[in-house]
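Please open the model in the viewer and follow the stops below in order. Each stop names a selection and then describes what is found there.

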Amino acid sequence: MIKIGTCGYSFRDWKGSVYPVKIKNSEILSYYNKELGFDLVEIDSTYYSFISRRSIETMVDNTTDSFLFAAKCHRAITLNEMGKVRPSDIDNTAVFTGFLESFAPMIESGKLLTFLAQFGPVFFKNRENVNYLLKLRKYFKDLPLTIEFRHKSWLSEEHRESTFKLLRENNLSYAVVDEPCVRSLAPLVVEATTDLGYVRLHGRNKNWFDGGQGDRYDYFYTDEELSEFIPIARELEMRTRLTAIFFNNCHAGAALKNAIKLRQLLGITGLAARKKTNEQMSLPLD
C-alpha cells in the first residue's frame with residue numbers, strides 16, 4: 001500500500017492557493033482530509049515546539065479512521081540546533097519524556113505511523129553518532145522510529161551497507177530523501193530497513209545553503225520529475241507493508257499540488273472525497 005501526504009498542512013500562503021481564502025485554521029486539517037482526500041500527514045511543527053496533549057487529541061478526533069500521522073522529533077532530540085556539541089555531553093531526558101507524553105493520545109488511537117528523527121548536515125557518520133542513534137532507540141522503546149540523514153557520509157558507497165545494517169538490527173526505518181545534490185547533502189538512495197517505506201521529497205532548489213530558509217523548499221516538481229518517483233514507489237511498495245510519501249516543498253502550496261498529481265500518476269484512490277477531480281476543486285496544478 002502507498003499513502004501520499006505533505007509535510008505540514010497549515011501554512012499562511014496555502015490559503016487562496018490550495019485552500020479557500022477564508023477557511024478557519026480550525027477547519028484546515030478536516031478540509032485536507034475530507035475534502036481533498038488525504039489520509040496521511042507529517043507534523044513538522046513539533047520540531048520547533050511541543051504540541052499540547054489536547055491539541056493532539058483534537059487532531060485525532062477530527063480525522064477519519066484511516067488517517068495516519070508521522071511526527072517530527074523536537075530539535076533538541078535530534079541535536080540539529082546544537083552545532084558541533086558532542087552528543088555524549090547532552091542530557092535531554094526531560095525533552096524525550098515531555099515529547100512522548102504529549103503524543104500519548106495519538107499512540108493510543110493507532111493513528112501514529114512513526115516518529116521522524118531528522119539529523120542535519122553536521123551529524124556525520126562516526127562512532128559517537130552511531131551510539132546516539134542506539135540511545136534514541138532505547139528512549140523510544142518499541143515505538144516506530146524513522147531516521148533521516150542529511151549528511152552524505154551515512155550513504156556513501158563505502159558506508160551505506162553498514163548504515164542499513166545498523167537500522168535493520170535496531171528496527172529503525174530509513175527515510176529516502178530527494179533533495180538538491182549540493183555540498184554535503186545526502187544522495188537519493190532507495191532502501192527499506194523495516195516494513196515501513198518512508199520517502200521525503202524536499203524539492204531540488206540549488207539555493208539550499210545559500211538562500212534564506214524560505215528559499216530552501218521553494219520548488220515545484222514537473223510532471224516529468226514526478227514520474228521518476230513511480231518506479232521508486234512501486235519498488236518500496238513491494239518490499240514493505242506500507243510506503244508513505246511526503247512532499248516537503250511547501251512554498252505556496254506546491255507540496256499539495258505535487259501530492260495530488262503523484263496520487264493521480266500512481267492511480268491511488270480509496271477515500272470517498274477523492275471522487276472529486278482536481279478540475280472540480282478548481283485547484284491549479286502548475
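Begin by selecting Ile 43 and Ala 71: Ile 43 stands opposite Ala 71, which lies in β3. The model in view is a predicted one.

Extend the selection to the two strands. Strand β3 covers residues 68-72 and runs parallel to β2, to which 4 bridges join it. To follow the connection, add helix α2 (residues 53-61), through which the chain crosses from β2 to β3 in a right-handed β-α-β crossover.

Now show the side chains of β2, residues 40-43. Which of them point the same way as Leu 40? Glu 42 does, whereas Val 41 and Ile 43 point the other way, and all four are buried. Such alternation between the two faces of the sheet is what a regular strand shows.

Next, select strand β1, residues 2-7, which pairs with β2 in the parallel sense over 2 bridges. Here Cys 7 has Glu 42 of β2 as its bridge partner. Helix α1 (residues 28-35) carries the chain from β1 to β2, and this β-α-β crossover is also right-handed.

For the last stop, centre on Arg 150, in the loop between β5 (145-149) and α7 (160-169). Is Arg 150 buried or exposed? Its relative accessible area is 3%, so Arg 150 counts as buried, the cut-off being under 20%. Display the side chains around Arg 150: one polar contact, of 2.8 Å, joins its side chain to that of Glu 148, and another, of 3.5 Å, to that of His 202. Beyond its neighbours within four places in sequence, Arg 150 is in contact with residues including Phe 119, Glu 179, Leu 185, Trp 208 and Tyr 217.

How values were computed: Residues are numbered from 1 along each chain as its sequence is written. This is a predicted model: local features need pLDDT of at least 70, side-chain atom pairs count only at pLDDT 80 or more; totals for chains, interfaces and linings use all residues. Side-chain values use heavy atoms; hydrogens and water are left out. Buried means under 20% relative accessible area, exposed over 50%, partly exposed in between (1.4 Å probe, protein chains only). A polar contact is a pair of N or O atoms within 3.5 Å; within protein, one must be able to donate a hydrogen and the other to accept it, and residues adjacent in sequence count only if both atoms are side-chain atoms. Contact means heavy atoms within 4.5 Å. Two strands pair if DSSP finds at least two bridges between them. A crossover is right-handed if, with the strands pointing away from the viewer, the path from the first strand over the helix to the second runs clockwise.
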